[in-house]
Amino acid sequence: MWKELVYHAKKPYHLVKTGLLKGLVAQIKYGFPAKKLKIISITGTDGKTTSSTLLYHVLKQAGLKVALLTTVAAYIGEEEIDTGFHVTTPDPLQLQKFMRKMVDEGFEYLVLEATSHGIYQQRLWGITPNLVGITNITNEHLDYHATYDLYLEAKASLAKRAQTAVINADNELSFSKLKKELRESKTKIHTYSTTDALPKSVETTINQRFPQLYNRMNARLVYTISQIMSIKEKDFITATKQFSGVPGRMEEVGEVNNIKVIVDFAHTANGLLQALTNLRKDMRAQKRKGRLIAAFGCAGLRDIAKRVSMGRTGAEVADLAIFTAEDPRTENVWGIIRQMKQNIAPYHAKVLSIADRREAIFFAVHKLAQPGDVIGIFGKGHEKSMCYGTTEYPWSDVAVAKEALNMLKP
């Protein structure tokens, strides 16, 4: 209860500190650029970056002057912008500066990935999206938002400001609550679902490009948005076929001696379950008879409640799991791992604990893996640093995994 009281009490603080003193000041400084743009914002728990990036490519294929701002990258047209952003939703000054550059260069559309933290903290103050797409809302960030309903409320508050919202009808946990929230506003609601009848060419393209069910849902969200925006089907199909994916999202690092390594950003229980389930499906489709090995951790100073469910998910679904560090910050890594192991009793023999992430990856590749095995390294994905204490140290799952694989080569 006290967490909820504190959460509500801090809203006026963020409104003044970030919304007015930063957001309003930045808007005045850069001449209110958002008013000259059409903004499509993507939010949700999992799938935001992939959905945003695919939508950007679809709109670009359709000939629109479009920019992209996500966790992984920022683009204005073909130009990659070195923003230095370390959060999905940047500081108001950085965001307004980015949009000013867009306007000055004649761009009209912005695909903007948004987090619940950024929304609640008023980093998007004064910005009214034309359309908001919501991938899914599962139990995440409850350390910050106190309850699931408050977490959903933060996501919904952005959609309430938009003319149109597109929501996931298959996300049973959030669908009815989101509809109720949005009906209180003038936002027009559209839905998407696996049961929606799509044109045959569109459905075939989605299924061929994305073997993972969750990415097919992301693509359905993008298709629904593209239809609302009157984008031609051929442009959606062409962009989807050419979509190269997002770094750190089911990224195949390499394969040596029939040992394959995949890096993925999955950092929630639902994300981990979907990633492991789809890797298992891929292994069966390829008639790969090896084991599925998972290496992952849980971040320090973040949602403690998910640690037990993530530990259980990895231990249950993978053949072998290594619990390791993932941005422990000021928490003790072994303390986090102990929490991850609280509900793995039936699968205890399948779990190893190696606190050092580099050591964990090398152990998986050099000691555990046998020909035919697939190793999934989860939680960091595209990220280029890892936080110990209060310091960010250079880090890359992809680079470390490549180094480990290369040492297997004769």
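**Exercise 1. The sheet**

Give the strand order of the open sheet, then find which strands stand at its edges.

*Solution.* In this predicted model, the open sheet has eight strands. Their order is β4-β3-β2-β5-β1-β6-β7-β8. The pairing is mixed. Now look for strands with a single partner strand: these are β4 (79-80) and β8 (188-192). Both stand at the edges, so one side of each is left without a neighbour in the sheet.

**Exercise 2. One strand pair**

Determine in which sense β1 and β5 pair, and over how many bridges.

*Solution.* Take β1 as residues 38-43 and β5 as residues 109-113. The two strands pair in the parallel sense. Five bridges join them. For one residue pair, start at Lys38: its bridge partner in β5 is Tyr109.

**Exercise 3. A helix on the sheet**

Identify the strands that helix α6 lies across, and state its angle to β6.

*Solution.* Helix α6 covers residues 148-160. It lies across β1, β6 (131-134) and β7 (164-168). Relative to β6, helix α6 runs at about 150°.

**Exercise 4. Two packed helices**

Describe how α2 and α10 pack, and classify the angle.

*Solution.* Two values describe a packed helix pair: the angle between the axes and the distance between them. For α2 (residues 48-61) and α10 (residues 233-242), the angle is about 130° and the axes are 8 Å apart. The angle therefore makes α2 oblique to α10. The crossing is right-handed. From α2, the contact uses Leu54, His57, Val58 and Gln61. From α10 come Asp235, Phe236, Thr238, Ala239, Thr240 and Gln242. By class, the contact residues are four nonpolar, five polar and one charged.

Notes
Residues numbered from 1 in each chain as written. Predicted model: local features only at pLDDT ≥ 70, side-chain atom pairs only at ≥ 80, totals over all residues. Heavy atoms only, no water. Axes fitted to C-alpha atoms, helices over the stretch in contact; angles between N-to-C directions. Helix = DSSP H or I, 4+ residues; strand = E, 2+ residues; numbered from the N terminus. Parallel < 35°, antiparallel > 145°, perpendicular 65-115°, else oblique. Left-handed = near helix turned anticlockwise from the far one by under 90°. Contact = heavy atoms within 4.5 Å. Nonpolar A, V, L, I, M, F, W, Y, C, P; charged D, E, K, R; others polar. Pairing = 2+ DSSP bridges.
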